[in-house]
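I set out to record, entry by entry, what I looked up in this structure.

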Amino acid sequence: IDVTVRKDRLTVSGHAMYAPHGQDIVCAGVSSLVRTLIHSIEDLTGDEIEYEDRPDVDIQYGNLSEKAKTLVDSFLSASA
């Protein structure tokens with residue numbers, strides 16, 4: 001699983017290869033973290049984001065608030 005962070009975008013792609021697609025608990029865990037990040041930014045901050053989540057996740061954002069930056073840092077810490 002690759003996580004790429006840029007100034008205005010975060011992308012999660014690939015497969016953990018722990019088990020076949022649809023049965024991989026590692027991928028399920030990362031997917032859960034990504035969805036939590038998306039919903040936390042939307043629900044807990046006033047920040048505007050755009051995202052696509054099939055098959056890879058691509059989250060696009062402008063200038064993030066400090067709260068949203070903390071959420072992204074938390075995601076990155078958990079997915080390391």
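The entries below go from the overall fold to the pocket and then to single residues.

**Entry 1: fold**

I note at the outset that this is a predicted model. I counted the secondary structure of the chain and found two helices and four strands. Following the sequence, I read the order as β-β-α-β-β-α. I then turned to the radius of gyration, which is 13 Å; the globule rule gives 12 Å for 80 residues, so the chain is as compact as a globular protein of that length. Along the principal axes, the C-alpha trace spans about 40 × 20 × 15 Å.

**Entry 2: burial, contacts and surface**

I looked up what share of the 80 residues is buried, and the value is 30%. Among contacts with a separation of 6 or more, 44% are between residues 24 or more positions apart. For the accessible surface of the chain I recorded about 5,400 Å², with 49% of it belonging to carbon and sulfur atoms.

**Entry 3: the largest pocket**

I next asked where the largest pocket lies and what lines it. Its volume is about 420 Å³. I found 20 lining residues, and those closest to the centre are Gly-14, His-15, Cys-27, Ser-31 and Pro-55. Two elements give two or more residues each to this lining, namely strand 2 (9-13) and helix 1 (25-44). Helix 1 provides the largest share, with six residues. Sorting the lining by class, I obtained eight nonpolar, seven polar and five charged residues.

**Entry 4: Pro-55**

Pro-55 came up in the pocket entry as one of the residues closest to the centre, and I therefore examined its backbone. I located Pro-55 in the loop between strand 3 (49-52) and strand 4 (57-61). The peptide bond that joins Arg-54 and Pro-55 is cis, with omega at about -15°.

**Entry 5: the loop between strand 2 and helix 1**

I checked two residues here, Met-17 and His-21. Met-17 is found in the loop between strand 2 and helix 1, and its phi is positive, about 65°, although Met-17 is not a glycine. Is Met-17 buried or exposed? Its relative accessibility is 66%, so I entered Met-17 as exposed, the cut-off being over 50%.

His-21 lies in the loop between strand 2 and helix 1 as well. His-21 has a relative accessible area of 64% and is exposed. I also took the separation of His-21 from Leu-76: the two are 55 residues apart along the chain, and their C-alpha atoms are separated by 23 Å.

**Entry 6: Glu-50**

I placed Glu-50 in strand 3. With a relative accessible area of 57%, Glu-50 is exposed. Which residues does Glu-50 contact, leaving aside its neighbours within four places in sequence? I found Asp-58, Ile-59 and Gln-60. From Glu-50 to Met-17 I recorded 28 Å, C-alpha to C-alpha, for 33 residues in sequence.

**Entry 7: Lys-69**

My last entry concerns Lys-69, which lies in helix 2 (residues 66-78). Its relative accessible area is 38%, so I entered Lys-69 as partly exposed; this class lies between the 20% limit for buried and the 50% limit for exposed. Lys-69 and Val-3 are 66 residues apart in sequence, and I recorded 16 Å between their C-alpha atoms.

Notes. Residues numbered from 1 in each chain as written. Predicted model: local features only at pLDDT ≥ 70, side-chain atom pairs only at ≥ 80, totals over all residues. Heavy atoms only, no water. 1 Å grid on protein atoms, 1.4 Å probe; cavity = no way out; pocket = protein on both sides within 12 Å on 5 of 7 lines; lining within 4 Å. Points joined across faces, edges and corners; volume = space filled by probe spheres on them. Nonpolar A, V, L, I, M, F, W, Y, C, P; charged D, E, K, R; others polar. Rg over C-alpha atoms; globule rule 2.2 N^0.38 Å. Buried < 20%, exposed > 50% of the residue type's maximum accessible area, 1.4 Å probe, protein only. Contact = heavy atoms within 4.5 Å. Areas by Shrake-Rupley, 256 points an atom, 1.4 Å probe, with all protein chains shown as cover.
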